[in-house]
Amino acid sequence: MTTSTNGAFDRKPFIAGNWKMNMDHVQGITLLQKLAWTLSDAKHDYSRVEVAVFPPFTDLRGVQTLVQGDDLDIAYGGQDLSQFDSGAYTGDISGQFLNKLGCKYVLVGHSERRTIHNESDDVLNAKVKAAFKHGVTPVLCVGEGLEIRQAGTHVDHTLEQLRAGVSGLTADQAAELVVAYEPVWAIGTGEVAGPEDAQEMCAAIRAELEQLFGADTAAKTRLLYGGSVKANNAAAILKERDVDGLLVGGASLDPAEFANIVRFESHLVTD
Ligand SMILES: O=C[C@H](O)COP(=O)(O)O
């Protein structure tokens with residue numbers, strides 16, 4: 001059976017749930033257990049679609065214990081990391097600590113970090129490098145606010161964030177990197193960017209990566225879309241050629257809904 005999705009063939013689709021500041025460590029375990037059961041009941045094939053969750057830091061040890069104890073094929077990661085390795089940085093979390101907890105990924109530069117915590121492109125570039133240094137794959141988030149979208153400069157703006165974020169990376173690192181395009185106006189608003197908007201930006205990001213690192217590398221980097229993704233719009237977005245996965249916020253807190261997003265292939269038209 002073949003499906004009409006494109007990225008699924010070239011790059012393994014990646015569906016990630018960002019829990020943001022929701023779910024204490026007890027609630028987090030329950031959510032993850034329900035997600036694993038739902039996907040198991042649906043006989044989800046993890047070799048076709050990778051699944052990851054990004055819980056709050058305080059949940060990570062419990063998540064690690066559950067994933068290891070039940071031998072779950074679900075990856076997990078932190079929602080942020082420090083650009084520093086260790087020391088007098090109160091409240092910060094080192095990439096080394098995330099690695100030690102079995103985190104495969106870490107979000108870098110989510111729009112809520114950029115806007116609420118004023119994280120600059122330079123700091124985010126240092127965080128991307130810190131993640132690689134500690135053996136954790138960064139998921140670099142980029143995207144424009146509403147005013148920039150309305151001014152029509154969203155591609156330039158997003159590519160500027162991208163260039164700053166990947167500055168100084170090797171081609172191997174760029175190939176491993178995951179980039180999430182999240183238009184800020186579509187986050188938590190119910191305003192989902194259309195599949196063609198997601199494709200326009202992901203194609204531009206891939207072209208930029210090609211300029212910077214070469215075509216072979218750019219063909220490997222996975223590009224996600226995030227912003228008001230639900231089970232009923234996921235498949236249409238993932239059919240786009242350059243969209244390789246989704247970064248899901250609110251809908252990832254509902255295990256049935258998130259499992260349906262993970263199983264987007266069952267909603268695609270098959271030929
Ligand atoms: O990290 C996830 C994004 O911010 C999207 O959040 P959302 O799905 O609630 O719009």
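**Helix packing and annotated sites**

In the predicted model, residues D121, L124, N125 and V128 of α6 meet Q161, A164 and G165 of α8. This contact of α6 with α8 comprises three nonpolar, three polar and one charged residues. Helix α6 covers residues 121-133, and its axis comes within 7 Å of that of α8. The two axes cross at roughly 45 degrees. Helix α6 is therefore oblique to α8, since an angle counts as oblique when it is neither under 35, nor over 145, nor 65 to 115 degrees. The crossing of α6 and α8 is right-handed.

Helix α8 also packs against α10. Residues 154-166 form α8, and residues 195-213 form α10. Their axes lie 10 Å apart, at an angle of about 40 degrees. This angle makes α8 oblique to α10. The crossing of α8 and α10 is right-handed. On the α8 side, the contact is made by V155, T158, L159, L162, R163 and V166. On the α10 side, M201, A204, I205, E208 and L212 take part. By class, eight nonpolar, one polar and two charged residues make up the contact of α8 with α10.

A further helix pair is formed by α2 and α13. Helix α2 spans residues 25-41, and helix α13 spans residues 255-262. Their axes come within 9 Å and cross at roughly 45 degrees. Helices α2 and α13 are therefore oblique to each other. The crossing of α2 and α13 is right-handed. From α2, the residues in contact are L31, K34, L35, T38 and L39. They meet P255, A256, F258, A259 and V262 of α13. Eight nonpolar residues, one polar and one charged form this contact of α2 with α13.

The ligand has 14 residues around it. Of these, N18, I187, G226, G249 and G250 come nearest. The shell around the ligand contains five nonpolar, eight polar and one charged residues.

An unreviewed UniProt entry lists N18, W19, K20, G188, S228, G249 and G250 under "binding site". These positions are spread over 233 residues of sequence, yet they cluster in space. The largest C-alpha distance among them is 13.9 Å. N18, G249 and G250 appear in this UniProt list, and N18, G249 and G250 are also among the residues that come nearest to the ligand. N18 is found in strand β1, which runs over residues 14-18.

The feature "active site" is placed at H110 and E182 by UniProt, again in an unreviewed entry. H110 and E182 span 73 residues in sequence, but no two of their C-alpha atoms are more than 8.3 Å apart, so they gather at one spot. H110 sits in the loop between β4 (105-108) and α5 (111-116).

Notes: Residues are numbered from 1 along each chain as its sequence is written. This is a predicted model: local features need pLDDT of at least 70, side-chain atom pairs count only at pLDDT 80 or more; totals for chains, interfaces and linings use all residues. A residue is near a molecule or strand if its C-beta atom, placed from the backbone, lies within 6 Å of it. Ala, Val, Leu, Ile, Met, Phe, Trp, Tyr, Cys and Pro count as nonpolar, Asp, Glu, Lys and Arg as charged, and the others, Gly among them, as polar. Axes are lines fitted to C-alpha atoms, for helices over the stretch in contact, and angles run from 0 to 180 degrees between N-to-C directions. Helices (H or I, at least four residues) and strands (E, at least two) are DSSP runs, numbered from the N terminus. A crossing is left-handed if the near helix is turned anticlockwise from the far one by less than a right angle, and right-handed if clockwise. Two residues are in contact if their C-beta atoms, placed from the backbone, lie within 7 Å. UniProt positions are given in the numbering used here, feature names are shortened, and annotations may be inferred rather than shown by experiment.
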